[in-house]
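Have your viewer ready and your selection tool at hand. We will go from stop to stop, picking a residue or element each time and looking at what surrounds the selection.

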Amino acid sequence: MPAEKKHCLNCGKPIQGRMDKKFCDDQCRNSYNYHQYADNNNLVRRINYSLKRNRNILESLIPAGEDLGKTTKDKLLQEGFKFKYQTHTYETKKGAVYYYCYDYGYLPLEGDWYLVVRNKEQ
Ligand SMILES: [Zn+2]
């Protein structure tokens, strides 16, 4: 059975030599690892940014001196809120689920309304 040709993970060229090699040379390995690291880093940075932004948007929707605010889905989207990012959820005994971005959260209400809350439980 002919040995399966291995290809460099960085440049895609066939690899000569040992079967456990993944790259043609050190340069390809370094380049691959660098980009892998940079990509992961960018992804984490983008998500962190979105989470913090979500948090700040929620904070801005609670009137000064209050613990709660009410807003609409349109308003949240307008502000650039990204619903897919949240840090954790909290379910009440009655089954209502609050979605949190750090210390601020929201509870979807009926008719595209949202209750915005400051976290009491950590
Ligand atoms: Zn290569």
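Start by selecting Arg53, which sits in helix α1, residues 26–60. Keep in mind that this is a predicted model. Is Arg53 buried, partly exposed or exposed? Arg53 counts as partly exposed because 16 other C-beta atoms lie within 10 Å, where being buried would take 20 or more.

Now add Asn42 to the selection and draw a distance between the two C-alpha atoms. Arg53 and Asn42 are 11 residues apart along the chain, and their C-alpha atoms are separated by 16 Å.

Next, select the whole of α1. What span should its 35 residues have? At 1.5 Å a residue the expected value is 51 Å, and the C-alpha atoms at its ends are 50 Å apart, so the two agree. Of those 35 residues, the number buried is 3, so α1 lies largely in the open. Colour the buried ones, which are Asn54, Ile57 and Leu58. To see what covers them, show α2 (73–79), β3 (97–101), β4 and β5, which are included in that cover.

Two of the residues you just coloured lead to the next stop. Ile57 and Leu58 belong to the largest nonpolar core, which has 11 residues in all. To complete the set, select Leu76, Phe81, Tyr98, Tyr100, Cys101, Tyr104, Tyr106, Tyr114 and Val116 as well. At least two residues of this core come from each of α1, β3, β4 and β5, and β3 gives the most, with 3 residues. As background, nonpolar side chains tend to be buried together in soluble globular proteins.

Stay with one member of this core, Tyr100. Which residues does Tyr100 touch, leaving aside those up to four places away in sequence? Its contacts are Gln86, Thr87, His88, Thr89, Tyr90, Gly105 and Asn119.

Now switch to a cartoon view and pick out the strands. Strand β5 covers residues 113–118 and runs antiparallel to β1, residues 68–72, with 5 bridges joining them. Strand β4, residues 104–108, also pairs with β5 in the antiparallel sense, over 5 bridges.

Select Val116 in β5 to see where these pairings meet. Val116 is the bridge partner of Gly69, and Val116 is also the bridge partner of Tyr106.

For the last stop, go to the hairpin of β4 and β5, where 4 residues lie between the strands. Click on Gly111 there and check its backbone torsions: Gly111 takes a positive phi near 65°.

Technical notes
Residues numbered from 1 in each chain as written. Predicted model: local features only at pLDDT ≥ 70, side-chain atom pairs only at ≥ 80, totals over all residues. Pairing = 2+ DSSP bridges. Buried ≥ 20, exposed ≤ 12 C-beta atoms within 10 Å, placed from the backbone. Expected span 1.5 Å × (residues − 1). Contact = placed C-beta atoms within 7 Å. Core = buried A, V, L, I, M, F, W, Y, C linked by C-beta atoms within 7 Å.
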